[in-house]
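Q: Hey, I've just opened this one up and I'm new to it. Can you walk me through it?

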Amino acid sequence: MEYLYDTHFHLDLQKDRVAAIREIEEHQIYTIAVTNLPDLYRREAGEIASKYIRLALGFHPELIHQYKNQIPLMWELLPEVHYIGEVGLDFVDTTYKNEQIAFFSELIERCRFDRNKIITLHSRRAVRQVLDIIGNNFRFKPIFHWFTGSKEELLNAVEKGCYFSVNKSMMNTKKFQSMLSLIPDERLLFETDSPFTSFSHSHHETLTKISQLIKEKKENVNMWNNFKIVLGTRI
């Protein structure tokens, strides 16, 4: 049986969190629930107990300057977690670019040789810089969330061993469709990035549609097997 899963889902931002959890459990959707701040992760970790929800410790790059008082909490919680996200760089506004780079660089160095870490990466207008900071020598599993980089950057990420989580909005763009064939079948994963996409569909319906869209382009890809490999023994 091929189960559904979601590698990038904002549980804390859902309009009805109770209903979202109910749907996840009813449809057995293995979900990595990312957080935007360390204290949100700490709160969610104390409130949620579901075999299908894996909470990720996150610190959204656009929030680092505003909430830099939470950086020590990030480092305090980091050793105990397997899942990290949403983290990375966002250069839509470069006002606090250097602060983002400093934080993300330290995060990667703290995780570099931890094979138990799975990191879902934000890289809007900053794919090259994210790749440069990751480098070539690491043991964690990096997943590019909503990849919007160039063909050359995608090939660089593939060469490094990165995974790519794909949502419905990505599959509807000509740019990404033209690059999909460059991603090895075994590096493709599902995401919804809900609630930032798919407002008119349920979690289950959205993931089913993404699956259909990918299989139209890559008939033999086994998306469930890819997810099992990323998570290892944690399913």
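Q: Let's start with the rings. How many aromatic pairs does the structure hold?
A: This is a predicted model, and it holds 14 aromatic pairs.

Q: Okay, pick one. How are Tyr-3 and Trp-224 arranged as a pair?
A: They're tilted: the ring centres of Tyr-3 and Trp-224 are 5.2 Å apart, with 55° between the planes.

Q: And where in the chain do those two come from?
A: From distant parts of it. Tyr-3 is in the segment before strand 1 (5-9), while Trp-224 is in helix 10, and they're 221 residues apart.

Q: Is Trp-224 buried or exposed? And what about Tyr-3?
A: Trp-224 has a relative accessible area of 7%, so it counts as buried. Tyr-3 comes out at 25%, so that one is partly exposed.

Q: Got it. What sort of pair do Tyr-30 and Tyr-52 make?
A: An edge-to-face one, at 5.0 Å centre to centre and 70° between the planes. This pair also links distant parts of the chain: Tyr-30 belongs to strand 2 (residues 30-33), and Tyr-52 is in the loop between helix 2 (38-47) and strand 3 (53-55), 22 residues apart. Both Tyr-30 and Tyr-52 are buried.

Q: Which residues do the ring pairs link into a cluster?
A: Tyr-3, Tyr-5, Tyr-30, Tyr-52, Phe-190, Trp-224 and Phe-227. So both of the pairs we just went through have their residues in that cluster.

Q: Which charged end sits over the ring of Phe-91?
A: That of Lys-97, 5.1 Å from the ring centre.

Q: Back to helix 10. Which of its residues are buried?
A: Helix 10 covers residues 223-231, and the buried ones are Met-223, Trp-224, Asn-226, Phe-227, Val-230 and Leu-231. Looking down the helix axis, they fall within an arc of 160°, so they line one face of the helix.

Q: What comes just after helix 10?
A: Gly-232, which takes a positive phi of about 70°.

Q: Which other residues have a positive phi, even though they're not glycine?
A: Arg-125 is one of them, with phi near 55°. Trp-146 also has a positive phi, about 50°. For background, most residues other than glycine have a negative phi.

Q: Where are those two?
A: Arg-125 is in the loop between strand 5 (118-124) and helix 5 (127-134). Trp-146 sits in the loop between strand 6 (141-145) and helix 6 (151-160). Arg-125 is exposed because its relative accessible area is 62%, and Trp-146, at 28%, counts as partly exposed.

Q: Speaking of backbone, where are there cis peptide bonds?
A: One joins Gly-85 and Glu-86, with omega about 15°. Glu-86 is in strand 4. Another joins Ser-194 and Pro-195, again with omega about 15°. Pro-195 lies in the loop between strand 8 (188-190) and helix 9 (203-217).

Q: New topic: how many disulfides are there?
A: Zero. For Cys-111, the nearest cysteine sulfur is that of Cys-162, 14 Å away. A disulfide needs the sulfur atoms within 2.5 Å, so that pair doesn't make one.

Q: Are those two cysteines buried or exposed?
A: Cys-111 is at 0% relative accessibility, so it counts as buried. Cys-162 is at 0% as well and is buried too.

Q: What about the largest nonpolar core? Which residues touch the most other members?
A: That core has 78 residues, and the ones touching the most other members are Met-74, Ile-84, Phe-104, Leu-107, Phe-144 and Ile-214. In soluble globular proteins, nonpolar side chains tend to be buried together.

Q: Which residues does Ile-214 touch?
A: Leaving out residues up to four places away in sequence, Ile-214 touches Val-166, Met-171, Leu-188, Phe-190, Val-221 and Met-223. Phe-190 is also in the ring cluster, and Met-223 is one of the buried residues of helix 10.

Q: Last one: where is His-82, and what does it touch?
A: His-82 is in the loop between helix 3 (71-77) and strand 4 (83-90). Not counting residues up to four places away in sequence, its contacts are Asn-116, Lys-117, Ile-118 and Arg-234. With 32% relative accessibility, His-82 is partly exposed.

Conventions:
Residues are numbered from 1 along each chain as its sequence is written. This is a predicted model: local features need pLDDT of at least 70, side-chain atom pairs count only at pLDDT 80 or more; totals for chains, interfaces and linings use all residues. Side-chain values use heavy atoms; hydrogens and water are left out. Buried means under 20% relative accessible area, exposed over 50%, partly exposed in between (1.4 Å probe, protein chains only). Helices (H or I, at least four residues) and strands (E, at least two) are DSSP runs, numbered from the N terminus. The arc is that of the directions from the helix axis to the C-beta atoms. Contact means heavy atoms within 4.5 Å. Rings of Phe, Tyr and Trp (its six-membered ring) pair if their centres lie within 6.5 Å; planes under 30 degrees apart count as stacked, over 60 as edge-to-face and the rest as tilted. A charge sits over a ring if NZ of Lys or CZ of Arg is within 6 Å of the ring centre and within 35 degrees of the ring normal. A nonpolar core is a set of buried Ala, Val, Leu, Ile, Met, Phe, Trp, Tyr and Cys residues joined through side-chain atoms within 4.5 Å.
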